Structures are given as structure tokens and as C-alpha cells.
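Open the model in your viewer and switch to a cartoon view. Keep the selection panel at hand for the stops below.

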Amino acid sequence: MRNTPTASQQKQIVGLAVAVISGAAVLLSNSAFGAEPPVATSQDAIAASATQAQLIGRWRRADGGYIIEVRHASTDGKLDADYYNPRPIHVARAEWTNKNGKLQVYIELRDINYPGSNYALQYDLDSKRLAGNYYQAVQGTNFKVEFVRQ
């Protein structure tokens, strides 16, 4: 005859196995990644803070009265922004990214006479300007543009 564990013993064995596996997983993750958060996390926070400082404010397009007003730049890449020509135009999407150390801004407009027109801009650290492309959707034309902080 074989000794088979009782239901109570089976539960204890399963519970012990789960505890051993969980403990091993914790030990492996701590040894592989350390108990401290990675340094990149704090660097990302510093970069996001610098981004906010660089983007917040009113930006006037050099060739006219077009205004981008950035009120907030969140760490997840979202911008709280308005656009004026000179009256408000609906901003459907506003985002920032940091690609290869270069701060980039994308603003998409969705309003009457602005069916998906958009700005793809890059922040120039030397001149402290936003410069790039404006796609005018009605005409299907691209324009080089530049914004300066007011």
C-alpha cells in the first residue's frame, strides 16, 4: 500500500511550494535589479522637469499672430495647450517627446478650416525657439515655421 497525503497535507505542500517559489522570485529580482529604483527613473524626472520649464508659456509664430500657449507639460508626454489665430482653434492633440536628446512638440488642430492641420516642432536649445513644420491640411501644404517665446 502507498501512503497518499491527506487533503490537509496536500494543501500544506502546495502552500509551501508557493511560498518557496515566491521567495525565490523576490530574491532573484532584488539581486538582478537592486532594492533601489534605477537611476534612469530620477534622470527621467529631471528631464521632464526641464522640459516643463522649456515649454511652458506663450509662443508666437514669427510670420504672424499665431499663438501656441502651453500651460502644462506632464511627465507622460501630454501637453495642456491652446492655439490662437487670433481666435481659439481647437487643439485635438498636443504632445512632447525627447528623441535622441532633442525636445519635440506635436500639436494637431481639429476645427473649422483646420481638419487635421498640425505642427511638428523641435526646441532649439541655443536660440530657445520652437521650429519645424506646419502642415496646412486644407491646402495639403507644408510650411517651415518658427515660434518665439513671448
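## A cross-strand pair to start

Select glutamate 108 and asparagine 118: asparagine 118, in strand 7, is the bridge partner of glutamate 108. Bear in mind that this is a predicted model.

Now show strand 6 (102–111) and strand 7 (114–124). They run antiparallel and are joined by seven bridges. Pick another pair here: glutamine 104 stands opposite glutamine 122 in strand 7.

Move to the turn. Strand 6 and strand 7 form a hairpin with two residues between the strands. Select asparagine 113 and check its backbone: phi is positive, near 65 degrees.

## Along to the next hairpin

Add strand 8 (129–136) to the selection. Seven bridges join strand 7 to strand 8, again in an antiparallel run. Select aspartate 124 and find its bridge partner in strand 8, arginine 129.

What is the phi of lysine 128 in the turn? Its value is positive, about 55 degrees. This hairpin, of strand 7 and strand 8, has four residues between the strands.

## The whole sheet

Zoom out and colour by strand. Nine strands make up an open sheet, with antiparallel pairing. Trace the order: 4-3-2-1-9-8-7-6-5. Strand 4 (88–89) and strand 5 are at the edges; each has a single partner strand, so one side of each has no neighbour in the sheet.

## Into the core

Hide the cartoon and show side chains. The largest nonpolar core holds 24 residues. Select Ile68, Leu79, Leu109 and Tyr119, the residues with the most contacts inside this core. Several strands supply at least two core residues each, among them strand 2 (67–73), strand 3 (79–84), strand 5 (91–99) and strand 9 (141–149). In soluble globular proteins, nonpolar side chains tend to be buried together.

Centre on isoleucine 68. Which residues does isoleucine 68 touch, not counting those up to four places away in sequence? The list is Gly57, Arg58, Trp59, Asp82, Tyr83, Ile107, Tyr119, Leu121 and Phe147.

## Last stop: glutamate 69

Step along to glutamate 69, in strand 2. Draw the distance to arginine 58: a polar contact of 3.3 Å joins the two side chains. Then select the surroundings. Leaving aside neighbours within four places in sequence, glutamate 69 is in contact with Gly57, Arg58, Asp80, Ala81, Asp82 and Tyr84.

Technical notes
Residues numbered from 1 in each chain as written. Predicted model: local features only at pLDDT ≥ 70, side-chain atom pairs only at ≥ 80, totals over all residues. Heavy atoms only, no water. Core = buried A, V, L, I, M, F, W, Y, C linked by side-chain atoms within 4.5 Å. Buried < 20%, exposed > 50% of the residue type's maximum accessible area, 1.4 Å probe, protein only. Contact = heavy atoms within 4.5 Å. Pairing = 2+ DSSP bridges. Polar contact = N/O pair within 3.5 Å; in protein donor to acceptor, adjacent residues only side chain to side chain.
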